[in-house]
Amino acid sequence: MKDTLEPRKVVVTLIIIAIAVVFVLEFGPGSSGFGRANRAGAGGPVTHSAAAVVNGKEIPVLEFRREYTSQLQYLRQQGSPVTEAVARQFGLPNQVLERMVNTELLAQAGERHGVRASDEEILKILERSPEFQKDGQFDYPTYQQVLRDYFRQTPADYEEDIRKRLTAQKMLELVQSGAVVSDDEVRTRFEKEGNQARIVFARFLPTMYADKVPAPTSADLASFRQTHEKELKDYYEANRFVYQQPERVHARQILVKLAPNATPEQKAQAMARAQSLLKELEGGKDFAQVASASSDDPGTKAKGGDLGWVERGSWDPALANAAFALEAGKVTQPIETQFGIHLVKVEDKKPAQDKKLEEVQDEIATTLYKREKAKALAQAEAQKALAEVKKGGKTLTALFPPEKEQPALLRFETETRPEAVQTDTFNAASTNVPHLGPAPDLLTAVFASKGPQVLDQAYAVGEGYVVAQVTERQLPDDAKFAEKRDELRKQAQQAKAYEVADSFLKQLKKGGKVQLNSTVIDQVAGG
């Protein structure tokens with residue numbers, strides 16, 4: 001049987017949003033704003049219009065949808081092939097909403113403590129934003145146009161968004177300013193950071209030996225299923241996003257843009273233009289060419305309106321209902337949403353996928369069987385290499401010469417054979433080995449060594465095994481402590497500030513009332 005898809009490799013570059021105690025305030029087209037919240041009863045249920053309620057203040061569904069969509073677009077622009085299904089699997093919708101909740105909590109705390117962003121601070125942000133400038137100066141008509149076309153917000157709403165985010169940031173900075181570190185903490189940091197090492201390592205991964213594992217027979221699979229029933233179920237549950245996906249369409253669109261406050265006359269003009277474009281399509285013109293020439297959507301215009309594969313939950317309901325009702329190759333009638341008038345062509349369709357464990361158990365059993373056998377081969381090869389290096393005849397670099405002089409900063413499981421990797425210098429405060437990632441047992445052994453040596457075992461790291469040799473060791477030098485004390489204090493202060501901020505946020509959540517609307521979250525995320 002042909003090797004099956006390894007779901008853990010679907011998105012190795014998925015970017016997980018940083019926890020919300022770290023704020024990077026970005027303003028201008030493409031940045032994601034936190035929406036203006038409406039009042040709701042503090043003790044009442046979460047309404048259908050709210051994604052969450054924070055101490056009685058709503059985070060509207062529309063703002064959560066915009067924030068979530070913006071985050072997905074950002075990830076895709078960075079080259080991560082993130083589908084809605086994968087985003088749900090990694091908890092992206094909940095992370096986005098958590099960030100919005102944290103911002104609201106901090107802004108409310110700021111108001112209670114008399115911390116509030118001033119009009120002057122907001123004006124400074126607006127004035128130095130290049131998107132709002134004309135001839136190098138802030139221009140109010142340009143400001144209005146950018147808000148209308150990109151943010152679909154009024155100046156009052158946008159400025160209130162900025163005020164809330166700035167207030168949250170100012171409150172965070174106030175909390176962090178109370179972080180204090182002792183001389184003992186600075187000394188401890190020095191002891192860890194001055195304890196340094198460099199190593200050469202080689203990884204032995206199951207994927208390197210998978211082609212040496214023969215395909216299992218029917219008897220092999222039957223026996224494996226019987227003895228690994230729990231593992232099969234766990235694998236299926238952990239990777240349901242591979243086997244259960246909603247209906248999707250590959251679509252293109254032509255957008256006739258409308259301002260949020262468009263008059264009936266302007267809407268009628270936009271609809272007439274959309275009808276005219278539809279007639280061109282019905283007359284035989286190519287949809288992609290018409291989109292490239294006439295669409296007002298800057299994100300897809302250059303690609304002939306191509307939206308890629310889209311799940312129902314990522315679209316406005318009216319647009320989704322019309323598009324998903326079409327046969328492949330057909331075009332919708334003009335559809336109005338908050339963004340304007342849309343014409344959508346469905347290029348292809350994929351039905352919903354809902355494979356049960358019974359349907360895929362042989363596929364999963366084959367994957368796990370071959371992985372188990374390949375892992376045993378990887379371990380055996382690692383032990384063989386360790387014995388060879390310990391004899392002193394050859395080094396790891398001689399046995400496994402690298403193909404590239406400079407490996408990637410973090411080596412994912414893409415190597416086809418073991419390669420010797422020389423790390424940069426790292427210290428005892430590290431939680432990762434450079435170019436390798438988390439390896440706690442290996443780190444412990446490295447810093448237990450007193451000098452260059454071959455480490456005495458093959459360490460299990462991730463899915464494979466690592467053989468390593470310490471090439472350099474440096475112990476803390478007391479003579480340098482005074483020289484680096486100020487720098488170390490600053491670093492310790494930053495670490496303590498982070499801890500204090502995280503603790504403060506946890507206290508706000510514990511002392512407040514945060515209600516999440518799981519139904520709405522699933523709808524927005526396409527669940």
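Trainee: Which strand do three bridges join to β9?

Mentor: This is a predicted model. In it, β9 has a partner that runs antiparallel to it. Three bridges join the two. The partner covers residues 340-350 and is strand β10.

Trainee: Which residue in β10 stands opposite Ile335?

Mentor: Start from the edge strand β9, residues 335-337. Ile335 has its opposite number in β10. That residue is His342.

Trainee: In what order do the four strands of the open sheet come?

Mentor: The pairing in this sheet is antiparallel. The edge strands are β8 (306-311) and β9, and each pairs on one side only. From one strand to the next, the twist averages 45 degrees. The order is β8-β7-β10-β9.

Trainee: At about what angle to β10 does helix α13 run?

Mentor: Helix α13 spans residues 317-324. It lies across β7, β8, β9 and β10. Its angle to β10 is about 40 degrees.

Trainee: Which helix lies across β7 and β10, running at about 35 degrees to β7?

Mentor: Look for residues 287-294. Strand β7 itself covers 248-257. The helix is α12.

Trainee: Which residues of helix α16 are buried?

Mentor: Helix α16 takes in residues 440-448. What covers its buried residues includes β5 (196-204), β13 (426-427), β14 (432-433), β17 (459-461) and β18 (464-474). The buried residues are Leu442, Leu443, Ala445, Val446 and Phe447.

Trainee: Why does the pair of Tyr140 and Tyr143 count as tilted?

Mentor: A pair of aromatic rings is described by the distance of the centres and the angle of the planes. The ring centres of Tyr140 and Tyr143 are 5.7 Å apart. Planes under 30 degrees apart would be stacked, and over 60 edge-to-face. The planes here stand at 55 degrees, so the pair is tilted.

Trainee: About how many helical turns separate Tyr140 and Tyr143?

Mentor: Both lie in helix α5, residues 140-151. They are three residues apart. Therefore the separation is about one helical turn.

Trainee: Is Tyr143 buried or exposed?

Mentor: Its neighbour in the ring pair, Tyr140, is partly exposed at 42% relative accessible area. Tyr143 has a relative accessibility of 0%. The cut-off for buried is under 20%. So Tyr143 counts as buried.

Trainee: Which residues do ring pairs link into a cluster with Tyr140 and Tyr143?

Mentor: The protein has eleven aromatic pairs by the ring-centre rule. Ring pairs build a cluster that includes Tyr140 and Tyr143. The others in it are Phe132, Phe138 and Tyr158.

Trainee: Which side chain makes a polar contact with the side chain of Gln71?

Mentor: Gln71 sits in helix α1, residues 61-77. Its relative accessible area is 9%, so it is buried. The polar contact is at 3.5 Å. The partner is Arg99.

Trainee: What distance separates the C-alpha atoms of Leu172 and Val500?

Mentor: Leu172 belongs to helix α6, residues 155-176. It is buried, with a relative accessible area of 2%. Along the chain, Leu172 and Val500 are 328 residues apart. Their C-alpha atoms are separated by 9.5 Å.

Trainee: What percentage of the 527 residues is buried?

Mentor: The protein has 18 helices and 19 strands. Its accessible surface comes to about 27500 Å², with 50% belonging to carbon and sulfur atoms. Buried residues make up 44%.

Conventions
Residues numbered from 1 in each chain as written. Predicted model: local features only at pLDDT ≥ 70, side-chain atom pairs only at ≥ 80, totals over all residues. Heavy atoms only, no water. Buried < 20%, exposed > 50% of the residue type's maximum accessible area, 1.4 Å probe, protein only. Polar contact = N/O pair within 3.5 Å; in protein donor to acceptor, adjacent residues only side chain to side chain. Pairing = 2+ DSSP bridges. Axes fitted to C-alpha atoms, helices over the stretch in contact; angles between N-to-C directions. Contact = heavy atoms within 4.5 Å. Areas by Shrake-Rupley, 256 points an atom, 1.4 Å probe, with all protein chains shown as cover. Phe/Tyr/Trp six-rings, centres within 6.5 Å; stacked < 30°, edge-to-face > 60°.
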